[in-house]
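Trainee: I've got a structure open and a head full of jargon. Can we go through it and check what earns each label?

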Amino acid sequence: MTSSNLPKVREPLSHFIKVEEFNISRDLNKTLTENNKTLAENSFTEIDHINKTHTPYIDAESLVTSLGTDRKPIRKLLADSAEEDVQKVNGKSSIRISIVKEFLQTYSEQPRPRSTQIKTQTTQQLINEAGRLTYEQIVEQQNSEDNDDKS
């Protein structure tokens with residue numbers, strides 16, 4: 001099947017982003033690492049081989065956990081987002097990365113406890129890393145994984 005005949009494909013962001021162990025604060029390192037790994041595993045990118053693009057979507061529930069917040073701001077974000085900016089997969093909502101970036105920018109500007117600021121910053125780092133991925137990088141990585149499987 002040529003790439004022009006391929007449907008849109010969803011792949012977990014964890015296939016393309018490696019979450020390193022954090023070494024920021026002894027009492028937060030484990031939580032930050034686990035939360036960001038879960039965020040990367042539960043979030044995905046939708047790969048469109050026809051248009052040679054990809055669009056990352058961030059899992060709403062994992063975002064709540066990663067930020068260490070209650071669900072209220074994320075529920076509001078979901079409610080305020082356009083229909084095309086939210087994907088529902090297996091009953092779980094995921095939000096287009098551009099919407100999440102805007103939300104995190106506003107969220108990070110509000111006064112918060114130091115531990116919440118750290119959680120927000122590490123979440124933003126992961127989201128920014130996902131946002132920097134290009135279609136070419138994703139295809140290249142998929143092809144190298146396919147070649148590894150054949151070896």
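Trainee: Let's start with E61: why is it called partly exposed?

Mentor: Bear in mind first that we're looking at a predicted model. The relative accessible area of E61 is 36%. Buried needs under 20% and exposed needs over 50%, so E61 with its 36% sits in between and gets the label partly exposed.

Trainee: And what makes the contact of R71 and E61 a salt bridge?

Mentor: Check the distance from N to O: their side chains meet at 2.5 Å. The cut-off is within 4 Å, so the pair at 2.5 Å passes. R71 is in the loop between α2 (60-67) and α3 (72-80), while E61 is in helix α2, so the pair ties together parts 10 residues apart in sequence. R71 is also partly exposed, at 41%.

Trainee: How many salt bridges are there by this rule?

Mentor: The count comes to 6. Another one of them joins the side chains of K37 and E21, at 3.6 Å from N to O. K37 belongs to helix α1 (residues 29-42) and E21 to the loop between β1 (9-12) and α1, so this pair links parts that are 16 residues apart in sequence.

Trainee: Why is E21 called exposed, and what is K37 then?

Mentor: Exposed takes over 50%, and E21 has 60% relative accessibility, so the label fits. K37 has a relative accessible area of 32%, so K37 counts as partly exposed.

Trainee: What about R96 and D85: how do you know that they form a salt bridge?

Mentor: Same kind of check: N to O is 2.8 Å, and the limit is within 4 Å. R96 lies in strand β5 and D85 in the loop between α3 and β4 (86-89), so the pair ties together parts that are 11 residues apart in sequence.

Trainee: Is D85 buried or exposed?

Mentor: Buried! The relative accessible area of D85 is 13%, and the cut-off for buried is under 20%. R96 has 22%, so R96 is partly exposed.

Trainee: Okay, strands now. What makes β2 and β3 a pair?

Mentor: Pairing takes at least two bridges. Strand β2 (residues 44-48) is joined to β3 by 5 bridges, so the two qualify, and they run antiparallel. In this pairing I47 stands opposite H54 in β3.

Trainee: How many residues lie between β2 and β3 in their hairpin?

Mentor: There are 4 residues between the two strands. K52 is in that turn and is partly exposed at 45% relative accessibility.

Trainee: What makes the phi of K52 worth pointing out?

Mentor: Most residues other than glycine have a negative phi. Phi of K52 is near 55°, which is positive, and K52 isn't a glycine. N90, in the loop between β4 and β5, also has a positive phi, near 55°. With 78% relative accessibility, N90 counts as exposed.

Trainee: How do you know that β3 pairs with β5?

Mentor: Count the bridges again. β3 and strand β5 (residues 92-96) share 3 of them, in the antiparallel sense, and at least two are needed. There D59 stands opposite S94 in β5.

Trainee: And why is strand β3 called mostly covered?

Mentor: Strand β3 (residues 53-59) has 7 residues, and 5 of them are buried.

Trainee: Which residues have the most contacts inside the largest nonpolar core?

Mentor: I58 and I74, in a core of 31 residues. Helices α1, α2, α3, α4, α5 (114-132) and α6 (135-150) each supply at least two residues of this core. The largest share, 6 residues, comes from α4.

Trainee: Which residues does I74 touch?

Mentor: Leaving aside residues up to four places away in sequence, I74 touches A60, L63, V64, L67, I95 and F103.

Trainee: One last label: why does E102 count as exposed?

Mentor: E102 has 55% relative accessibility, and exposed means over 50%, so E102 makes the cut. E102 is found in helix α4 (residues 97-109). The C-alpha atoms of E102 and Q117 are 16 Å apart, with 15 residues from one to the other along the chain.

Definitions and conventions. Residues are numbered from 1 along each chain as its sequence is written. This is a predicted model: local features need pLDDT of at least 70, side-chain atom pairs count only at pLDDT 80 or more; totals for chains, interfaces and linings use all residues. Side-chain values use heavy atoms; hydrogens and water are left out. Buried means under 20% relative accessible area, exposed over 50%, partly exposed in between (1.4 Å probe, protein chains only). A nonpolar core is a set of buried Ala, Val, Leu, Ile, Met, Phe, Trp, Tyr and Cys residues joined through side-chain atoms within 4.5 Å. Contact means heavy atoms within 4.5 Å.
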